Amino acid sequence: MALKDVKPTRSELIDLKKKIKLSERGYNILKMKRDGLILEFFKVLEDAKKSRGALVEGYDRATAMIAVANTVEGSIRVKGAAMAVKENPQITLKEKNIMGVVVPDIESSSVRKTLTERGYGVLGSSAVIDETATSFEELVEAIIEAAEIETTMKRLLDEIESTKRRVNALEFKVIPELKQARDFIKMRLDEMERDEIVRLKKIRAKTQAK
């Protein structure tokens, strides 16, 4: 706000005081929101560390099991068992709210399957193939969980950055400029009041002299 554009009037001073009060209230609310979001972010971060660890562990286990299955049962039989599965996992994407931030809430079904649901039947099964199938089902579950947590983290981080920018704008630009304009008007009104007193004294002196 350029001081040259400020009108040194009492109504403008009253308006500026209202704006300062409103801006300071907004600043305090946004600070509380920012701090709350940061706390939520660190909670999710802990979940993300566990989720990422489970994902890496699940991937390592699944790749190790598929290598064993290919060696023991042969790649053709392993591929046949994989092709026998008819029902794919069903993903339902919902939403939930964390301090005003909309984040995903992913629900999945048909990831873990029984022996009969896998489609290859008892005769086409073996302990190695069953264990491999289980390890990949666990990996898919870990991927779904990680996707939800990672997306939640990103959205929270984006909102934290956005809120932080608004807090900084109010703290270092908007509120200081409003206060500067308020002080300028106060100074100009005081000067005008002094000038008016001097003018009245001069008029009184002239009147008394007559």
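Here is a friendly chat about this predicted model, from its confidence to its helices, loop and pocket.

Colleague: Where in the protein is confidence lowest, and where is it highest?

Modeller: This is a predicted model, and the mean pLDDT of the protein is 88, with 94% of its residues reaching 70 or more. Among the elements, the low end belongs to H2, at a mean of 83. The high end, at 94, belongs to H1.

Colleague: Is leucine 13 buried or exposed?

Modeller: Leucine 13 is found in helix H1. Its C-alpha atom lies 29 Å from that of methionine 32, 19 residues away in sequence. The cut-off for buried is under 20% relative accessible area. Because leucine 13 has a relative accessibility of 10%, it counts as buried.

Colleague: Which residues of H2 are buried, and on which side do they sit?

Modeller: A helix has a simple rhythm: with 3.6 residues a turn, residues three or four places apart point the same way in an α-helix. In H2, the arc covered by the buried residues is only 125 degrees around the axis, so they sit on the same side of the helix. The face turned away from that side carries the exposed residues Ile76, Lys79, Ala82 and Met83. The buried ones are Val78, Ala81 and Ala84.

Colleague: What is phi of methionine 99, and where does that residue lie?

Modeller: Methionine 99 lies in the loop between strand E1 (90-98) and strand E2 (101-109). Because its relative accessibility is 36%, methionine 99 counts as partly exposed. Its phi is positive, in a residue other than glycine, with a value near 50 degrees.

Colleague: How far apart are the C-alpha atoms of threonine 134 and phenylalanine 172?

Modeller: Threonine 134 has its place in helix H3, and at 24% relative accessibility it counts as partly exposed. Along the chain, phenylalanine 172 is 38 residues from threonine 134. In space, their C-alpha atoms are separated by 56 Å.

Colleague: How far apart are the end C-alpha atoms of residues 139-195?

Modeller: UniProt lists residues 139-195 as a "coiled-coil region", in an unreviewed entry. In the model, the chain over these residues is 100% helix and 0% strand. The distance between the end C-alpha atoms is 82 Å.

Colleague: Which helix gives the most to the lining of the largest pocket?

Modeller: The largest pocket has a volume of about 390 Å³. Helix H1 (10-72), helix H2 (75-84) and helix H3 (127-209) each supply at least two residues of its lining. The top contributor, with six residues, is H3.

Colleague: How many residues of the lining of the largest pocket are nonpolar?

Modeller: The lining of the largest pocket has 20 residues, and Ala82, Val85, Ala133, Phe136 and Glu137 lie nearest the centre. Three residues of the lining are polar and four are charged. The number of nonpolar ones is 13.

Key:
Residues numbered from 1 in each chain as written. Predicted model: local features only at pLDDT ≥ 70, side-chain atom pairs only at ≥ 80, totals over all residues. Heavy atoms only, no water. 1 Å grid on protein atoms, 1.4 Å probe; cavity = no way out; pocket = protein on both sides within 12 Å on 5 of 7 lines; lining within 4 Å. Points joined across faces, edges and corners; volume = space filled by probe spheres on them. Helix = DSSP H or I, 4+ residues; strand = E, 2+ residues; numbered from the N terminus. Nonpolar A, V, L, I, M, F, W, Y, C, P; charged D, E, K, R; others polar. UniProt positions renumbered as here; feature names shortened; annotations may be inferred. Buried < 20%, exposed > 50% of the residue type's maximum accessible area, 1.4 Å probe, protein only. Arc of directions from axis to C-beta. pLDDT = per-residue confidence, 0-100.
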